[in-house]
Amino acid sequence: MSRYAVTNPATGQVEERFETFTDEQVAAAVDAADEAYRTWGRATTIEQRATLMRKAVASYRDQRQELATIINHEMGKTMDEALVEVEFSAEILEYYADHAAEFLADEPIDRAAAGTAFIRHLPIGPLVGVMPWNYPYYQVARFAGPNLMLGNTIILKHASLCPKSSAAMERIFLEAGFPKGAFVNVYATNEQIAKVIADPRVRGVSLTGSERAGKAIAQEAGAALKKVVCELGGNDAFIVMSTDDLDAAVEAGANARYENSGQICNGAKRFIIIDSLYDEFLKRFIKVSKERKLAPLCSASAADGLAAQVQAAIDDGAKAVLGGTEHDGAYYPATILTDIPAGSAARRTEFFGPVAQFYRVSSEDEAIAVANDSPYGLGSYVFTTDSEQGLRFADRLESGMTYINESGADSAELPFGGVKNSGFGREMGPLGIREFTNYKLVTEA
Ligand code: NDP
């Protein structure tokens, strides 16, 4: 039976099933992506592509209610969060439509010898996007926006939970006037995707998802000498050293923990609080957490998996000062763990749901040591009234992003990505259009 289905996490009901593609259908998608690359991606101007992209942006906005409803059913997020995601996706696509010409302008080189030289930015070919269910539109926009503007074409393998949102995006790009194959959705198995990655016409892969998927895809891409961008998990530290407004810091922390019911790669997951503020911050965080109304997780099995992680932490000696392992189907309560012993796997494991870990520290060095004691390095948050201290943290924290005195700063112009096991490469901002570029050197004597 096909894995591609809409199963509403709020009810557990399978609402719609989608057939997995045959090998012939997958091959036809690759043919179409290659054809579109040659006849459209390489043959059109940035302005021509921007015109199409702006039509797609208008459709995202016109159809926001319908698009939001789809992901509300597919993975359970609230309609409010779904509408915000649709708008953010439109903003990302629009950002690249507006800025691609500037980002892709020729770069002159001051040549030592006589003559001229410059770098021209050219596309490299069809790319595979393997995308996750937590932000079904946003994750795809980060990849598709810059690459379509560059002239690369996209073969999308979305999560099996997201067959309807992936089809909706394909339809929107087609209706906007992108040729068949510029953005093509496939309901493919992992084995079929491995063959697509190995196809010599396909020139790169971008994955957002788990470490497990990252290792599999990066190996397949490496074996075929293809560039790969990986945006994987995170276990972001939220550090509070000093603040003039503790309630605002608590609110920022709760927002960064409970957005999307905690299913967010750069969510605040480990709260590292200076001794003098720890008790009061925790007390207020518990109060705010109790007031949060959380949507279900993406599936009942995801909630069961989270409960098993929480139980393992408790077995190691951690205390659940709020919530715990009891949950109702896919609905999981806000949960706070304290006193997680050194050596417990919980300290180094990502909890992909509304579970916050708390650590008490007595100095800047200790805060940094606890924060860096992680295989992950996606984002990090620091609250301090001392801006010099904030910058010291930014230098010393092993992460791809440090947000000082704020959370929820994600925006189309700000690059996103991590170090260590959180992956490699960047999406969004000027860097997001540079990943799958042929930096063609052109000289003239
Ligand atoms: P996965 O990493 O399994 O799924 C992400 C995408 O990768 C899906 O499209 C999935 O397809 C695909 N995929 C997985 N393995 C392969 C493979 N070998 N070849 C081709 N495609 C593959 O995430 P899960 O849904 O299992 O979530 C588990 C964990 O992943 C979470 O707990 C979290 O840690 C992390 N995660 C991180 C995200 C982020 O934003 N960085 C987003 C989602 C998850 P399919 O659905 O068909 O299996």
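Select Asn190 and the ligand. A polar side-chain atom of Asn190 sits 3.4 Å from a ligand nitrogen atom. Keep in mind that this is a predicted model.

Next, add Arg212. An N or O atom of the Arg212 side chain is 2.8 Å from an oxygen atom of the ligand. Then show the backbone of Met131. One of its polar atoms lies 2.8 Å from a ligand oxygen atom. Now switch on the surface. On its own the ligand has 870 Å² of accessible area, and the protein covers 84% of that.

Widen the selection to the shell. There are 25 residues around the ligand, with Arg3, Met131, Trp133, Ser210 and Glu350 coming nearest. Colour them by class: 12 are nonpolar, 8 polar and 5 charged. Highlight β8 (204-208) and α8 (211-223), which each supply at least two shell residues. The largest share, 4 residues, is from α8.

Leave the ligand and turn to the cavities. The whole structure has 2 cavities of 30 Å³ or more. The largest holds about 90 Å³ of space. Its lining has 15 residues; select Arg270, Ala371, Gly379, Glu398 and Ser399, the closest to its centre. Then pick out β10 (236-240), α12 (364-372), β15 (376-377) and β16 (379-383), each giving at least two lining residues. By class, this lining splits into 5 nonpolar, 7 polar and 3 charged residues.

Last stop: the second largest cavity, about 50 Å³ in volume. Select helix α5 (residues 138-150), which gives the most to this lining, with 4 residues. Residues lining the second largest cavity include Arg142, Phe143, Ser206, Val229, Arg426 and Glu435. Its lining counts 4 nonpolar, 3 polar and 4 charged residues.

Definitions and conventions. Residues numbered from 1 in each chain as written. Predicted model: local features only at pLDDT ≥ 70, side-chain atom pairs only at ≥ 80, totals over all residues. Heavy atoms only, no water. Near = heavy atom within 4 Å. Polar contact = N/O pair within 3.5 Å; in protein donor to acceptor, adjacent residues only side chain to side chain. Areas by Shrake-Rupley, 256 points an atom, 1.4 Å probe, with all protein chains shown as cover. Nonpolar A, V, L, I, M, F, W, Y, C, P; charged D, E, K, R; others polar. 1 Å grid on protein atoms, 1.4 Å probe; cavity = no way out; pocket = protein on both sides within 12 Å on 5 of 7 lines; lining within 4 Å. Points joined across faces, edges and corners; volume = space filled by probe spheres on them.
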